Amino acid sequence: MKSLGSFRRTFAPWNDPAAKPFIAIENVTKKFGDFAAVNDLSLNIYNREFFALLGASGCGKSTLLRMLAGFEEPTAGRILIDGQDMRGIPPYKRPVNMMFQSYALFPHMTVEGNIAFGLKQEGMAKGDIEARVAEMLKLVKLEQFAKRKPHQLSGGQRQRVALARCVAKRPKVLLLDEPLGALDKKLREETQFELMDLQMKLGLTFVVVTHDQEEAMTMADRIAVMDKGKVMQVATPAEVYEAPNSKFVADFIGNVNMFEGTAAAVANGKIDIAVAPENLTIRTDAASRSCTVGQPVGFAIRPEKIRVSRKQPADPSINSAHGELYDIAYFGDMTVFHVKLESGRIIKAASLNAVRTVEDPLGYDDTVWVNFDTDAGIVLTA
Amino acid sequence: MQKLISSVAGRLVIAVPYLWLLIFFLIPFVIVFKISLSEVAMAIPPYTPAFNLSAGWQAFADNFSQLSWDNYIWLLEDPLYYKAYISSVIIAGVSTILTLIVGYPIAYGMARAPATVRPTLLMLVILPFWTSFLIRVYAWIGILKPEGLLNQFLMWAHVIDTPLNILNTNTAVFIGIVYSYLPFLVLPIYSALEKMDYSLVEAAEDLGCPPILAFWKITFRLSMPGVIAGCFLVFIPAVGEFVIPDLLGGSQTLMIGKTLWNEFFSNRDWPVSSAVAVILLLLLVVPIVLFQRAEARAQESEK
C-alpha cells in the first residue's frame with residue numbers, strides 16, 4: 001500500500017478534467033423569505049477530498065451543509081451525491097452523516113448506545129453492531145468510556161463520541177459543522193491532525209464548515225471561501241493564501257497589506273502600479289494577472305514578505321518606502337512591526353526571529369525602510 | 001459568636017418547611033387518624049372517645065384503649081368502599097391518559113412555536129386559572145346538558161338528530177377532569193420539551209431514523225420527566241376529586257371523594273369518613289413516592 005503521505009501529495013482530482021465529482025452542487029439557491037442564504041452556488045467536491053467551507057457567520061456555509069444533509073431543501077438548483085439527485089430524499093435516507101456543532105449526543109444513552117444508534121436503524125445484526133461499536137471506540141480511543149453517559153465526559157471526549165457515531169455508519173460523505181469549535185486551543189490543534197488521519201484512514205469525503213481560517217488551512221485539501229451566499233474562491237490553502245482572486249479573499253484569509261493604485265506600465269512581464277497618496281511605485285510580476293495601463297488595481301502583500309531594515313535598499317524608487325516604527329508586537333517566534341509612512345498609512349511587516357539575540361534591535365520611533373521583492377505580492381483586479 | 005448565629009440561622013431556615021409540614025400536615029393527619037379509630041356517637045364532636053387533656057393521664061389511657069380498627073374492617077367488608085376506590089383510580093387513570101393525549105401535542109406545539117409567541121401561548125394555558133374552578137365546572141354543565149351548547153351545535157350542523165346524553169355520565173367526568181387539569185400536565189411537559197436541543201432529533205434523523213421513530217426515541221423519551229410529573233399532577237388530585245363527579249357525574253359515578261363527602265355530611269359518620277380519607281392518603285402516597293424518585297432521577301441526569 002502506498003503511504004498516506006504519497007497519496008496526499010498526488011491527490012488533486014480537481015485538476016483532472018476527466019475526474020467525476022462525488023458531490024455536485026449545481027446552481028443551488030436557498031431563500032428564507034426574501035433573503036437568499038445561498039445564492040446560485042455551484043461547487044464540485046471529489047471523492048476522498050477534505051473540503052472546507054470557510055466564511056464569516058451568516059455567509060450561508062451552514063445552510064449549504066444542511067442542504068447536503070437534507071435538513072433544508074434548495075429553493076432552486078440541485079445537489080448530486082455519487083451521481084444521485086438528492087431532491088426530495090429525506091435526511092434519514094441520505095448516504096451522508098453529519099457531526100453537529102453541539103455534537104447532539106443523546107443524553108439518555110451511553111457512549112455505546114450513541115454509537116450503536118445509527119447501526120440499529122439500519123437493522124444490522126446485534127453481533128455486527130457490537131463489533132462495529134468496539135471498532136469505533138478503539139478508533140477514537142474511548143474503549144474504557146463505553147458505559148458512560150455524555151454528561152460524564154469531557155468536551156474533547158464528547159467530540160470524539162460524536163465523530164465515532166457519525167462514521168460508524170460508514171457514510172459516503174461526512175459533514176462536519178464547526179467540528180472543533182467547542183474545544184480549547186491546544187486540544188483543537190491536536191484534534192485537527194486526528195481528524196485528518198481519520199479521514200485518510202477511512203477514505204471518506206469530508207465537508208467541514210468552519211469560520212476559523214487556520215483550521216481550514218491546516219486540514220483541508222481545498223477551501224471554498226464564502227461570502228453572502230456565494231463562493232468567492234475555491235482553491236487549495238496555499239493558493240487561497242498566496243494567490244487570492246479578490247480583495248475580499250485576500251483580506252479574509254490571514255493578514256494583508258492592501259494598496260489601491262493604477263496600473264502605470266505593463267511591460268516585460270512586470271506591472272508597475274502607482275499608489276498615489278504615498279507616491280509609491282510597486283513593481284510586480286505580471287505572471288498571474290493581466291491588466292491594462294490606466295486600470296485601477298489593488299495590490300495585496302502579506303506581512304511576512306516585507307522586510308524591515310534601517311539600511312536603505314539598493315533601489316529605493318521601487319517597492320520601498322520609509323517611515324517610523326510605530327508599534328512592535330513580539331510573539332516569540334516572530335515579531336510584527338507596524339511602520340507608519342509619512343502619509344499616515346501603516347504597513348504591517350512580520351519577521352521571523354531566526355537568531356536568539358540581535359545586537360541593537362529595532363526599537364520604537366526608529367526610522368526604517370520597508371521593501372519587498374517583485375514576486376512577493378499579488379495584483380487584484382476584483 | 002458570628003458562626004454560632006449563622007449556624008442557628010441555617011438550622012432555622014431548614015426547620016421552616018419541616019415545621020410547616022408538622023403543623024399543617026402531620027398533626028391534622030394524626031387527628032384524622034385518631035378519629036378514624038373512634039366510634040360514631042350522638043355528641044359534639046360526633047364520635048367517642050373524645051380526648052380531654054384536663055381529665056388527667058388515667059382518663060387518657062382509658063380513652064386510648066377504646067380505640068379500635070373497627071372502621072377499617074368495615075371498609076374492607078362493605079364492597080361499596082373498595083369499589084369506590086377502584087372506580088376512582090380507574091377514572092383518574094383514564095382521565096390522566098386522556099389528558100396526556102390532549103396535552104402532549106399542545107405542549108409540543110408550544111415548545112416548537114417561535115420563541116416570540118411562546119410567552120403568549122403560555123399565558124393562554126394559564127389564563128383559565130383566573131376564573132374560579134367551580135364556575136368553570138358549572139359552565140360545562142351548560143355546555144354538556146341535553147339542551148346545552150354542544151347538542152345545539154351538533155343538531156344545527158345535522159350531525160345528530162337527538163341530543164346526546166353526556167351530562168351525568170362518566171364521559172362528562174372525563175371531560176371535566178381533562179379540561180380542569182390540562183394546564184398541570186401541559187406546563188411540565190412544555191418545560192421539558194422547551195429545553196430540549198432540537199438538533200438531537202435532527203441527529204437521529206441523520207443517523208437513519210424516520211421522523212416518527214425519532215420523535216418516539218428522542219423527543220418523547222427526553223420529555224419523560226415532564227410526562228411523569230404532569231401525569232402525577234393530574235392523577236393524584238383526580239383520584240380524590242369531588243366537585244367534578246358531583247356536578248358532572250351521574251348517580252352511577254362512584255368516586256371516593258363523593259363517598260367521603262356522603263359519609264361526612266349526609267351520614268355524619270366522622271370516624272368512617274376519616275378512615276376513608278386515611279386509606280385514600282395511603283393510596284396516593286405510593287404514586288407520590290414514585291413521582292419523587294422520578295424527579296430525583298431527572299435531576300441527576302441533568303447534572
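Me: In this predicted model, how many bridges join β17(A) to strand β18 of chain A?
Reply: Strand β18 covers residues 346-352 of chain A and runs antiparallel to β17(A). Within this pairing, A:Thr335 stands opposite A:Ser351. The number of bridges that join the two strands is seven.

Me: Which residue in the turn between β17(A) and β18(A) has a positive phi?
Reply: β17(A) and β18(A) form a hairpin, with four residues between the strands. In that turn a positive phi of about 100° belongs to A:Gly344.

Me: In which sense do strands β16 and β17 of chain A pair, parallel or antiparallel?
Reply: β16 spans residues 320-330 and β17 spans residues 334-341 of chain A, with seven bridges in their pairing. A:Glu324 has its bridge partner, A:Lys340, in β17(A). The two strands also form a hairpin with three residues between them, where A:Gly332 has a positive phi of about 90°. The sense of the pairing is antiparallel.

Me: How far apart do the C-alpha centres of domain 1 and domain 2 of chain A lie?
Reply: Chain A is divided into domain 1, residues 4-247, and domain 2, residues 255-380. The contact between them takes four residues from domain 1 and six residues from domain 2. On the side of domain 1, these are two nonpolar, one polar and one charged. The C-alpha centres of the two domains are separated by 39 Å.

Me: What percentage of the residues in chain A are buried?
Reply: The secondary structure of chain A comprises nine helices and 20 strands. Its C-alpha atoms fill a box of roughly 75 × 50 × 45 Å along the principal axes. Of the contacts in chain A with a separation of 6 or more, 65% are between residues 24 or more positions apart. Among the 382 residues of chain A, the buried portion is 37%.

Me: Why is chain B described as more spread out than a compact globule?
Reply: Chain B contains 14 helices and two strands. For its 303 residues the globule rule gives 19 Å, and the radius of gyration is well over that value, so chain B is more spread out than a compact globule; the radius of gyration is 25 Å.

Me: What share of the contacts in chain B with a separation of 6 or more comes from residues 24 or more positions apart?
Reply: The C-alpha trace of chain B spans about 75 × 75 × 35 Å along its principal axes. Of its 303 residues, 31% count as buried. For contacts with a separation of 6 or more, the share from residues 24 or more positions apart is 72%.

Me: Which element supplies the largest share of the side of chain A that touches chain B?
Reply: The contact takes 18 residues from chain A and 16 residues from chain B. On the side of chain A, β6 (96-99) and α3 (111-122) each supply at least two residues. By class, this side has ten nonpolar, six polar and two charged residues. The largest share, four residues, comes from α3(A).

Me: Which elements do the buried residues of α9(B) pack against?
Reply: Helix α9, residues 199-206 of chain B, is mostly covered, with six of its eight residues buried. These are B:Leu200, B:Glu202, B:Ala203, B:Ala204, B:Glu205 and B:Asp206. After the helix comes B:Gly208, with a positive phi near 105°. The buried residues pack against α10 (211-222) of chain B, together with α2 (61-69) and β6 of chain A.

Me: Which helix of chain A contributes the largest share of the largest nonpolar core?
Reply: This core has 105 residues, and A:Leu68, A:Leu175, A:Val207 and A:Val225 touch the most other members. The core draws at least three residues from each of domain 1 and domain 2 of chain A. Its largest share is six residues, from residues 155-167, which form helix α5.

Me: How many residues make up the second, separate core?
Reply: Members of this second core include B:Ala229, B:Ala238, B:Leu254 and B:Ala275. The core is separate, and its size is 49 residues.

Me: Which residues does A:Leu175 touch, not counting those up to four places away in sequence?
Reply: A:Leu175 is one of the residues that touch the most other members of the largest nonpolar core. Not counting residues up to four places away in sequence, its contacts are A:Leu65, A:Leu68, A:Ala69, A:Val96, A:Met98 and A:Val207.

Notes. Residues are numbered from 1 along each chain as its sequence is written. Chains are lettered from A and ligands numbered from 1 in the order in which they are written. This is a predicted model: local features need pLDDT of at least 70, side-chain atom pairs count only at pLDDT 80 or more; totals for chains, interfaces and linings use all residues. Two residues are in contact if their C-beta atoms, placed from the backbone, lie within 7 Å. Ala, Val, Leu, Ile, Met, Phe, Trp, Tyr, Cys and Pro count as nonpolar, Asp, Glu, Lys and Arg as charged, and the others, Gly among them, as polar. A nonpolar core is a set of buried Ala, Val, Leu, Ile, Met, Phe, Trp, Tyr and Cys residues joined through C-beta atoms within 7 Å. A residue is buried if 20 or more other C-beta atoms lie within 10 Å of its own, exposed if 12 or fewer, and partly exposed in between; C-beta atoms are placed from the backbone. Domain bounds come from an automatic or database domain assignment. The radius of gyration is taken over C-alpha atoms; the globule rule is 2.2 Å times the number of residues to the power 0.38. Two strands pair if DSSP finds at least two bridges between them.
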